[in-house]
Every structure is written in C-alpha cells, then in structure tokens.
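Biologist: Please take a close look at the salt bridges in this model, and set them against the rest of the fold. How are the charged partners placed with respect to the surface?

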Amino acid sequence: MDKKDFHERFIKLPLVEQTANQLQFHESRIHWKGLAGASKSILASAVCSQVLGNHLFILNDKEEAAYFLNNLEGLYPENNHILFYPASYRVPYQFEEVDNANVVARAEVLDKVNSGKNTWVVTYPAALFEKVPTQKNLTKNTFRLEVGKNYSIDFIQEVLLEYHFEYVDFVYEPGQFSIRGGIVDVFSYSNDHPFRIEFFGDEVESIRTFDAASQLSINTHQFFTIVPNVQGKLIQEGNGSFFEFIGPNTTVWIDSVEKSQEVLKKEYQKAVEIHSKLPDTVSHTIPSQLYVDQHVFLEEIKRFSIIEFGNDVAFEIQLTCKFD
C-alpha cells in the first residue's frame with residue numbers, strides 16, 4: 001500500500017467525514033475518544049487535508065508535541081507548512097538566555113502564518129505562554145528583497161540596524177549581517193540558513209542561501225524576507241497572544257485543556273514571583289503584558305472550533321467520535 005492509498009483509507013472513515021463536516025460550522029466543539037499513539041496524528045491529518053485554514057495542535061508537553069510533529073512529517077515529508085512552535089525562554093524575564101534555534105522556529109511560524117498560507121502548527125502550553133508581536137507590528141518590521149529590484153546597500157544597512165541586527169565580519173547566527181563590497185550576508189530570524197545578496201550597482205543580481213560554516217551555496221531564491229527577533233524589543237512595541245496572531249480561521253486541536261491551564265498557571269505564577277524580585281532601579285514590563293495566564297488562555301480558545309482528543313473534556317460537546 002502506498003502513501004496515497006493509506007491517506008485515502010483514513011480520509012474515507014465515517015468519523016473523519018463527520019468531523020470534517022462539523023468543522024464547517026464556526027466554534028464547533030468535538031471530542032475524539034479512544035485514540036492513542038500515532039493514531040491521533042494520522043486521523044487528524046486526514047481531517048486537516050479536507051478542512052482549509054490553519055490547524056493548531058496543542059499537546060501536553062514538548063516531548064509529546066515533538067512525537068506528534070514527527071508523525072505528521074513522516075506522513076507528509078514534502079509539506080513545508082507543518083511547523084513546530086517551541087518556547088524561546090528558559091526562565092521568564094531572563095531574556096538573554098534564549099535558545100536561538102527556538103527563536104528562529106517561532107519567527108518562521110509567525111512569518112508563514114503572516115503570509116496568509118494555511119499552516120499546521122504543533123505546539124505545547126509553555127510555548128503559548130509567551131506573547132508575540134501583533135501581525136501589524138510584525139509586517140511593519142519585516143523587509144522583503146527581490147531579485148531584479150534596486151536597493152541602496154546603505155539603506156539596507158540602516159534597516160538592519162533598526163531591526164537590531166548585529167554588524168559582523170562573517171555571519172554565523174540569526175540576527176547578524178555583514179557587508180563586503182557588493183555582497184550582503186543576512187541571517188534572518190525566520191530561516192535556518194543565512195542569505196547572500198549579490199548586487200550589481202544598486203540592483204539585486206542574485207539571492208541564495210548558504211552554509212555559514214563552509215560558505216557553500218545551498219539554494220537560489222527570487223526573494224526573501226528579513227524578519228527581526230520576534231522575542232526581542234519588537235514584542236514590547238505591540239503584542240498579543242499567539243491565538244490573536246493566528247486568527248479566527250483556525251481549528252484548535254488540544255489534548256487536555258485542564259493540563260494546559262495547569263502549566264500556564266504554574267508558569268505565570270513563576271513570572272509574577274520573578275517580576276516582584278526585580279530591582280526597582282529599572283522599569284520592567286508587568287507579566288500580563290508579556291505572558292498569557294490560564295484564564296486568558298481559556299477565553300482565547302473559546303473563539304475557535306475545538307477538537308479535544310484526550311480523555312478529559314472542558315467544553316459542551318456537539319459531536320462525539322468514538323474510535324475503536
């Protein structure tokens with residue numbers, strides 16, 4: 001049996017068809033019972049392939065989310081809109097202790113969602129705890145370069161410095177750029193590899209990604225967008241929850257509302273405690289402006305169609321699907 005036959009077999013299951021039909025109604029409430037292991041991701045993908053819009057999967061923790069993501073990527077290896085949305089900070093208010101790879105992953109998700117393309121985002125409560133820039137704020141601070149168009153290198157340098165990129169001799173991590181004659185290297189926060197832009201005068205002659213260690217080219221591109229650090233100063237200029245960012249055309253799949261709220265409550269209490277111990281010599285943003293607590297979380301997800309595919313149920317259910 002090839003993958004196409006495998007997918008179609010699940011797509012035609014009566015409970016999958018019922019779920020897809022119910023999701024045509026806004027703010028649907030569905031409960032999937034009797035699922036374990038990889039069956040959750042297999043059956044969920046069968047629904048997602050029929051229901052347009054974004055799909056947000058909230059698993060209980062990072063490990064469960066990574067397992068779920070791995071299954072989806074195994075089913076759809078060519079789909080570059082299956083994305084992982086991780087937490088960026090180890091401890092609230094310790095902004096210097098970020099995991100750069102996670103910041104890049106978060107920026108990539110925001111960039112893809114902001115582009116208007118349908119995405120399947122896999123995440124967990126600790127990642128949703130942190131607020132993100134608004135779509136308007138991110139768009140204002142995102143710069144697009146295209147092959148064949150004219151840009152002053154001095155202007156690009158000004159833009160990058162305004163985005164708080166660091167000027168270096170050679171780029172090796174996100175948030176850096178370098179200029180050598182008519183060549184500009186930029187390591188955007190929304191990409192795994194840096195971009196090299198070659199100019200002929202003020203015209204962009206070529207754009208390509210390259211390996212920062214070997215300097216060897218990877219792919220050529222007709223355009224790319226420069227996205228700043230979405231968890232840096234940008235977030236303080238206007239932010240909101242990830243639910244606000246992803247928009248109403250989204251189906252939320254959640255393993256346990258109760259467990260998610262427990263995680264958010266614990267994280268928020270930790271943030272309040274740390275904030276109360278910060279020195280008074282500097283003004284610090286209050287926790288409610290940077291983080292999402294369990295009450296805000298519950299109010300936010302109520303605005304979406306929700307499929308609860310764990311054992312416990314938090315909402316009044318309109319359709320129950322019991323899988324054998």
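**Salt bridges and their surroundings**

Modeller: Glu267 has a relative accessibility of 18% and counts as buried, because the limit for that class is under 20%. This is a predicted model, and the values that follow are computed from it. Glu267 makes a salt bridge with Lys270, and the closest N and O atoms of the pair are 3.8 Å apart. The cut-off for such a pair is 4 Å, so a separation of 3.8 Å between Glu267 and Lys270 meets it. Both residues belong to helix α10, which covers residues 257-276, and they are three residues apart, about one turn of the helix. Lys270 is partly exposed, at 31% relative accessibility. The pair thus joins a buried Glu267 to a partly exposed Lys270.

Elsewhere, Arg144, Glu146 and Lys149 are joined into one network by salt bridges that share partners. Within that network, the side chains of Glu146 and Lys149 meet at 3.5 Å, N to O. Glu146 is partly exposed at 22% relative accessibility, and Lys149 is also partly exposed, at 43%. In total, twelve salt bridges are counted.

Another of these salt bridges is found in helix α5 (residues 100-114), where Lys112 and Glu108 lie four residues apart, about one turn of the helix. Their closest N and O atoms are separated by 3.7 Å. In this pair Lys112 is the buried partner, with a relative accessible area of 18%, while Glu108 is partly exposed at 24%. The pair in helix α10 has the opposite arrangement, in that the buried partner there is the glutamate, Glu267, and the lysine, Lys270, is partly exposed.

The surroundings can be taken from the sheet outwards. Seven strands form an open sheet with parallel pairing, in the order β3-β4-β2-β15-β16-β1-β17. Its edges are β3 (82-84) and β17 (319-322), each of which pairs on one side only. On average, neighbouring strands of this sheet are turned by 20 degrees against each other, direction ignored. Within the sheet, β15 (residues 250-254) and β16 (residues 305-308) run parallel and are joined by four bridges. Trp253 has Ile307 in β16 as its bridge partner.

The nonpolar part of the model comes next. In soluble globular proteins, nonpolar side chains tend to be buried together. Here the largest nonpolar core has 87 residues, and Trp32, Phe57 and Phe297 have the most contacts inside it. Helix α3 (residues 39-48) gives the largest share of this core, six residues. With residues up to four places away in sequence set aside, Phe297 touches Ile58, Leu128, Phe243, Ile254, Val257, Ser260, Gln261, Leu264 and Val292. Helix α10 is the link back to the charged pair: it spans residues 257-276 and holds both Glu267 and Lys270, and residues touched by Phe297 include Val257, Ser260, Gln261 and Leu264.

Some polar residues can be placed in the same way. Asn71, in helix α4 (residues 62-75), is buried with a relative accessible area of 16%. Apart from neighbours within four places in sequence, Asn71 is in contact with Ala38 and Ser41. Ser206 is in strand β11 (residues 203-210) and is partly exposed, at 22%. Its contacts, again leaving aside neighbours within four places, are Val147, Arg196, Ile197 and Glu198. The C-alpha atoms of Ser206 and Leu59 are 41 Å apart, with their positions 147 residues apart along the chain.

As for covalent links between cysteines, the structure holds zero disulfides. Cys48 is in none, its nearest cysteine sulfur being that of Cys321, 14 Å away. The limit for a disulfide is 2.5 Å, so the sulfur of Cys321, at 14 Å from that of Cys48, is too far for a bond. Both are buried, Cys48 at 4% relative accessibility and Cys321 at 0%.

To return to the request, the two helical pairs described each combine a buried partner with a partly exposed one: Lys112 with Glu108, and Glu267 with Lys270. In the Glu146 and Lys149 pair, by contrast, Glu146 is partly exposed and so is Lys149.

Terms used
Residues numbered from 1 in each chain as written. Predicted model: local features only at pLDDT ≥ 70, side-chain atom pairs only at ≥ 80, totals over all residues. Heavy atoms only, no water. Helix = DSSP H or I, 4+ residues; strand = E, 2+ residues; numbered from the N terminus. Buried < 20%, exposed > 50% of the residue type's maximum accessible area, 1.4 Å probe, protein only. Contact = heavy atoms within 4.5 Å. Pairing = 2+ DSSP bridges. Axes fitted to C-alpha atoms, helices over the stretch in contact; angles between N-to-C directions. Core = buried A, V, L, I, M, F, W, Y, C linked by side-chain atoms within 4.5 Å.
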